[in-house]
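Me: Please take a close look at one part of this model, the surroundings of the ligand. I would like to know which residues and elements surround the ligand, with enough on the rest of the fold to place them.

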Amino acid sequence: MTAPQSCSLDQVRIPGWRWQPFLDHAVEMLQALEPAAYPVPEQFLQKTGSTGSKAQPVVVQTATWACQTNKLRQVRAACVEAGPAASVLNLVINPHCRFDLPFFGADLVTLPSGHLLALDLQPVDRSDSLHTQPVWDRLLPIFNSWKPHLPDGGPIPAEAEPYFSPAFLWTRLPLGAASDELISTVIFQAFAEYLKLYLQLVDEATPVADDRSAILLNGQKRYTCYRAEKDPARGMLGRFHGAEWTETYIHEVLFDLDRHYPDQNVDQSRPMA
Ligand code: DBV
């Protein structure tokens, strides 16, 4: 990185990072919402580690970009560059529970075994059609226009399914020039369109009543607790930066909703979709 990051709004710039144009686009799109810094402890803004063998060590850089706006509680990007070992952009937007909005979720992952690409506007409560239908009606046409250009990603863990919409764009691609091309065209444009729709929904959203907000908060907590518990990056980040740093990063930076509303417990009696 060119200059050390001291604030969550500082530009993340990692030489050779394949997801740089995606993050740059998202940051640019967010400017209209007048983003403010989101508190991220310094040790999580930027972290250097190492992987690979003794003979051929690989430098790992993990960086975090984050902001908050009037309607968005937390926007955060986890950025990982480890040369041939890994390249990741994980971008999650967590709206304030005062607004009936889904999460924006992008998991763009390159590993030695191939690319794993996930894009969705993830419902806070999949069984609540008041929450889902207005989003899905507008998202499905976008999904349907990109889906035919990408191979299906195959099954995801069954327990993760309730957290995705029917417009979950999910693909696995082999490494190589053909996939690089798909990523810079189809995946980039799909990413831009999902984000554009999301920001339109944010723009249109008006505050909901307290009882509705409590239901939304409960759903948001279910989602973030699930993701913190089952983060598929835990193993990778643990190898790169150690278990202790990784646990704190996951619970106190990436999926920190519980930390902000510690008194209200997730209502386990509410049935899942
Ligand atoms: N995923 C994250 C964060 C990452 C990250 C913060 C900083 O949430 C990377 C990095 N995702 C990452 C890595 C892998 C995946 C996989 C490194 C590969 C793990 C491995 O193979 O060892 C969508 N991401 C995945 C998978 C899915 C997603 C479905 C495959 C998981 C599997 O096969 O078990 N997005 C991801 C997800 C949810 C989501 C699981 C759940 C709600 O929103």
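Reply: The protein has 8 helices and 8 strands, and the model is a predicted one. Along its principal axes, the C-alpha trace spans about 60 × 40 × 35 Å. The radius of gyration is 18 Å, which agrees with a compact globule, because 273 residues in such a globule would give a value near 19 Å. Of these 273 residues, 40% count as buried. Among contacts with a separation of 6 or more, 64% are between residues 24 or more positions apart.

Now the part you asked about. The ligand is surrounded by 21 residues, and A78, N90, A118, P232 and A233 are the closest of them. Five elements each supply at least two residues of the shell. Four of these elements are strands, namely β4 (72–81), β5 (87–95), β6 (103–111) and β7 (114–122). The other is a helix, α6, which covers residues 234–241. By class, the shell around the ligand consists of 14 nonpolar, 4 polar and 3 charged residues.

Some positions elsewhere help to place the shell elements. V12 lies in the segment before α1. Not counting residues up to four places away in sequence, V12 touches Q5, L23, A63, W65 and C79. Of these, C79 falls in β4 (72–81), one of the strands that supply the shell. V12 is buried, because 24 other C-beta atoms lie within 10 Å. The C-alpha atoms of V12 and E42 are 14 Å apart in space, with the two positions 30 residues apart in sequence.

On the side of α6, a useful position is Y249, found in helix α7 (residues 243–254). Leaving aside neighbours within four places in sequence, Y249 is in contact with F44, L237 and L254. L237 belongs to α6 (234–241). Y249 has 25 C-beta neighbours inside 10 Å and therefore counts as buried. The C-alpha atoms of Y249 and V109 are separated by 18 Å, and the two residues are 140 apart along the chain. V109 is in the range of β6 (103–111), another element that supplies the shell.

Next comes a pair of helices. Helix α3 (residues 129–146) and helix α4 (residues 177–204) pack at an angle of about 170°, and their axes are 10 Å apart. That angle makes α3 roughly antiparallel to α4, because anything over 145 degrees counts as such. From α3, the residues V135, R138, L139, I142 and W146 take part, and they meet V186, A190, E193, Y194, L197 and L201 in α4. The contact contains 9 nonpolar and 2 charged residues, and no polar ones.

Two exposed positions complete the account. D210 is in helix α5 (residues 210–230). D210 is exposed, because 9 other C-beta atoms lie within 10 Å, and 12 or fewer is the cut-off for that class. D210 and A228 are 18 residues apart in sequence, and their C-alpha atoms are 26 Å apart in space.

E34 is in the loop between α1 (20–30) and β1 (36–37). With 9 C-beta neighbours inside 10 Å, E34 also counts as exposed. E34 is not a glycine, yet its phi is positive, about 50°. Most residues other than glycine have a negative phi.

Technical notes. Residues are numbered from 1 along each chain as its sequence is written. This is a predicted model: local features need pLDDT of at least 70, side-chain atom pairs count only at pLDDT 80 or more; totals for chains, interfaces and linings use all residues. A residue is near a molecule or strand if its C-beta atom, placed from the backbone, lies within 6 Å of it. Helices (H or I, at least four residues) and strands (E, at least two) are DSSP runs, numbered from the N terminus. Ala, Val, Leu, Ile, Met, Phe, Trp, Tyr, Cys and Pro count as nonpolar, Asp, Glu, Lys and Arg as charged, and the others, Gly among them, as polar. Axes are lines fitted to C-alpha atoms, for helices over the stretch in contact, and angles run from 0 to 180 degrees between N-to-C directions. Angles under 35 degrees count as roughly parallel, over 145 as roughly antiparallel, 65 to 115 as roughly perpendicular and the rest as oblique. Two residues are in contact if their C-beta atoms, placed from the backbone, lie within 7 Å. The radius of gyration is taken over C-alpha atoms; the globule rule is 2.2 Å times the number of residues to the power 0.38. A residue is buried if 20 or more other C-beta atoms lie within 10 Å of its own, exposed if 12 or fewer, and partly exposed in between; C-beta atoms are placed from the backbone.
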